[in-house]
Amino acid sequence: MNFLEERIVKDGIVKEGNVLKVDSFLNHQMDIHLFEQMGEEFKRRFAGKNINKILTIEASGIGIACIVAKYFDASVVFAKKSKSINIEGEMYVAEVESFTHKCKNQVIVSKKFLSPDDHVLIIDDFLANGCALQGLISIVHEAGATVEGIGIAIEKGFQPGGRIIRNFGFQLESLAIVDSMDATTGEITFREQ
Ligand code: 5GP
């Protein structure tokens, strides 16, 4: 097991409805030392890629993205969730269905912060059905920028997002891929990488 898999086994809680709770170290209370290990590992996996910008989505991707950005000497932009529809013009917009909250959000990024010169690494905490990533990818494409890769902390491999995104041809690197988890026993199994 790698450092993240070990931490998930130690502190993660499997909930009903295919939800893994990792709020004691990843997306509520945040273990910055762990984030640094994640940054190092993403730097290794995306070695040789020319990345100048990290793109993530609020809220739980932001902390990870900021630490990862240090390893790429890149700036961070996060897509904001917005209910407003009067935002076209200066904003790139995509529609994203939330896995955890079961609602649709528009996510927006100002055109000032993403342009055709940008080489983007997309970072997020979880990959489930892939809606959040597809929204972020469409924003990068709308900007004429390049997706150099996608880095995820925890992919739930039994949900379809990973397969969909890899089929598009992107380099998708997930530090932990959960192949199964059981809310009754708390047992979690990981995919060999
Ligand atoms: P997707 O768009 O891939 O279906 O879901 C990705 C988003 O949903 C992530 O940004 C993450 O915030 C949230 N998410 C999905 N599955 C889980 C989960 O099992 N636990 C937690 N804490 N968040 C999740």
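Reader: Hi! Which helices and strands each supply at least two residues of the lining of the largest pocket?

Author: Hi there! In this predicted model, the elements that each give at least two residues to that lining are strand 2, helix 3 (60–72), strand 5 (91–97), strand 7 and helix 4.

Reader: Thanks! Which of them has the largest share of the lining?

Author: That is strand 7, which contributes four residues to the lining of the largest pocket.

Reader: And how many residues line the largest pocket in total, and which lie nearest its centre?

Author: The lining has 31 residues. Nearest the centre of the pocket you'll find Ser60, Phe99, Thr100, Asp125 and Phe126. Sorted by class, the lining holds 13 nonpolar, nine polar and nine charged residues.

Reader: Cool. How much space lies in there?

Author: The largest pocket holds about 770 Å³ of space.

Reader: Okay, on to the ligand. Where does it sit?

Author: Right there! The space that the ligand takes up is the largest pocket.

Reader: How many residues surround the ligand, and which are the closest?

Author: There are 17 residues around the ligand. The closest ones are Leu20, Ala128, Asn129, Gly130 and Lys156.

Reader: Which element gives the most to that shell?

Author: Strand 7 does, with four residues in the shell around the ligand. Strand 2 (19–21), strand 7 (119–127) and helix 4 (131–142) each provide at least two. As for classes, the shell is made up of eight nonpolar, six polar and three charged residues.

Reader: Which side chains have a polar atom by an oxygen atom of the ligand?

Author: Two aspartates to look at here. Aspartate 124 has a polar side-chain atom 2.9 Å from an oxygen atom of the ligand. For aspartate 125, an N or O atom of the side chain is 3.3 Å from a ligand oxygen atom. You met Asp125 earlier, among the residues nearest the centre of the largest pocket.

Reader: And what about the backbone of cysteine 131?

Author: A backbone N or O atom of cysteine 131 is 3.1 Å from an oxygen atom of the ligand.

Reader: So how much of the ligand is buried by the protein?

Author: The protein buries 90% of the 510 Å² that the ligand exposes when taken alone.

Reader: New topic! What lines the second largest pocket?

Author: Its lining consists of Met1, Asn2, Glu5, Leu175, Phe190, Arg191, Glu192 and Gln193. By class, that gives three nonpolar, two polar and three charged residues. The second largest pocket contains about 150 Å³ of space.

Reader: Last thing, the backbone. Is the peptide bond from glutamate 58 to alanine 59 cis or trans?

Author: That bond is cis, with omega near 0°. Alanine 59 belongs to the loop between strand 3 (53–57) and helix 3.

Reader: And is phi of asparagine 18 positive or negative?

Author: Positive! Asparagine 18 has phi near 60°, and this residue is not a glycine. Look for asparagine 18 in the loop between strand 1 (13–15) and strand 2.

Note on methods. Residues numbered from 1 in each chain as written. Predicted model: local features only at pLDDT ≥ 70, side-chain atom pairs only at ≥ 80, totals over all residues. Heavy atoms only, no water. Near = heavy atom within 4 Å. Polar contact = N/O pair within 3.5 Å; in protein donor to acceptor, adjacent residues only side chain to side chain. Areas by Shrake-Rupley, 256 points an atom, 1.4 Å probe, with all protein chains shown as cover. 1 Å grid on protein atoms, 1.4 Å probe; cavity = no way out; pocket = protein on both sides within 12 Å on 5 of 7 lines; lining within 4 Å. Sits in = over half its atoms within 2 Å of the grid points. Nonpolar A, V, L, I, M, F, W, Y, C, P; charged D, E, K, R; others polar. Points joined across faces, edges and corners; volume = space filled by probe spheres on them.
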